[in-house]
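Trainee: Could you take me through a single part of this model with care, namely the place where the two chains meet?

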Number of protein chains: 2
Amino acid sequence: MSPSSLDELIEALRCLPGVGPKSAQRMAYHLLQRNQRGAARLSQALQRALEVLRHCERCNTFAESAVCSRCANPQRDPALLCVVEMPADLAMIEQTHAYNGMYYVLMGRLSPLDGIGPRELRLDRLIARAADPALREVILATNFTNEGEATAHMISDLLAARGVRTSRLSRGVPVGGELEHTDSGTIAQALIERRAL
Amino acid sequence: MSPSSLDELIEALRCLPGVGPKSAQRMAYHLLQRNQRGAARLSQALQRALEVLRHCERCNTFAESAVCSRCANPQRDPALLCVVEMPADLAMIEQTHAYNGMYYVLMGRLSPLDGIGPRELRLDRLIARAADPALREVILATNFTNEGEATAHMISDLLAARGVRTSRLSRGVPVGGELEHTDSGTIAQALIERRAL
């Protein structure tokens, strides 16, 4: 009995991750009742993003041109390639101002349960990118979750077979972290990977 | 450094209730990476809903015409008017098949902390609607939350002053409910409102 355009909006909102029927309904009412300007802006932003966004040919992140501004920047060191899972991870590393090399964004991670294997991740493209003769080292900066670790190992194996040097971000106690509030797995890892002073 | 159309999409997604910067980012990546068809559908559904949806002149719910199909239905009893907070509440009552009267949808509830008082809820429109001479009883079916109860009391007072009879949904132990698993406030209410057999 509810109008079809409302039903269709509620159904369409369910394409958002983590949004079930109840929250889709709540979102639709909120937009129509309290934020029609926001709804119009969202509609236009979706349309425009679909029109103009593509993947950078070099680093695979979202870009509005064939090669993104970061990859086209001659100030960055072409000898280093940092592999991350998502653009958000890239942004975190950029925020450190401790890295000036290039990136490769996987846009995901190995996740057999979700049917995401090496083929779905397009690891062949990363391997082609890593064949760049200017490259000296690939830094694996996937997450330290089970899936991120598995992804790093798989990439490391693939690149080692092609003679490319790989490294991994170090694990250990966070800066400012207190041992009392650090989980034992992290402390164990920090012991194993201890550094000479 | 990220493309402006991506930033704009992430920002626009934040107009959705309960969506902060991190989930907006996750939603944007998901739509662009895994569900471009869903994104296009959502953009169109938003645009169309904004174009065609309005409030029914009689019951105030979302409709695609001046008077919704339910209010225009001559089979429904014009002597009863059920007041609910949201269209979802109306849908729940319709599902019972126990009610064949008319509705008025507040599209909200009194919520002083959010700055929603009788004026913002447009209670004047409900009062005008309740002046219908065919009407015999107004059933208050707002939620049994603090805000819903306050809303019911305020409406009851306003209508009583105009000689309109009001009633409230009963409170008590849910059908199929076990006392052992019912909260004490509900049991207390069920005792106070006990019915003669």
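Mentor: What follows is a walk through the interface of chain A and chain B. This is a predicted model, in which local features need pLDDT of at least 70 and side-chain atom pairs count only at pLDDT 80 or more, while totals for chains, interfaces and linings use all residues. Residues are numbered from 1 along each chain as its sequence is written, chains are lettered from A in the order in which they are written, and side-chain values use heavy atoms, with hydrogens and water left out.

Let us begin with how the chains are related. Chain A is superposed on chain B by a rotation of 180° with 0.1 Å of shift along its axis, at an RMSD of 0.1 Å (a least-squares fit on the C-alpha atoms of residues with pLDDT of at least 70 in both copies). That is the relation of a two-fold axis, and the same surface serves both copies, since 100% of the contact residues of chain A recur in chain B. Of the residues of chain A, Ser43(A) comes closest to the rotation axis, its C-alpha lying at 2.1 Å.

Turning to the contacts themselves, where contact means heavy atoms within 4.5 Å, 51 residues of chain A touch 51 residues of chain B. Between them the two chains bury about 4800 Å², 68% of it on carbon and sulfur atoms; buried area is the accessible area, taken with a 1.4 Å probe, that two parts lose on being put together, summed over both.

Across this interface there are also two salt bridges (a side-chain nitrogen of Lys or Arg within 4 Å of a carboxyl oxygen of Asp or Glu). Arg41(B) forms a salt bridge with Glu8(A), and their closest N and O atoms are 2.9 Å apart.
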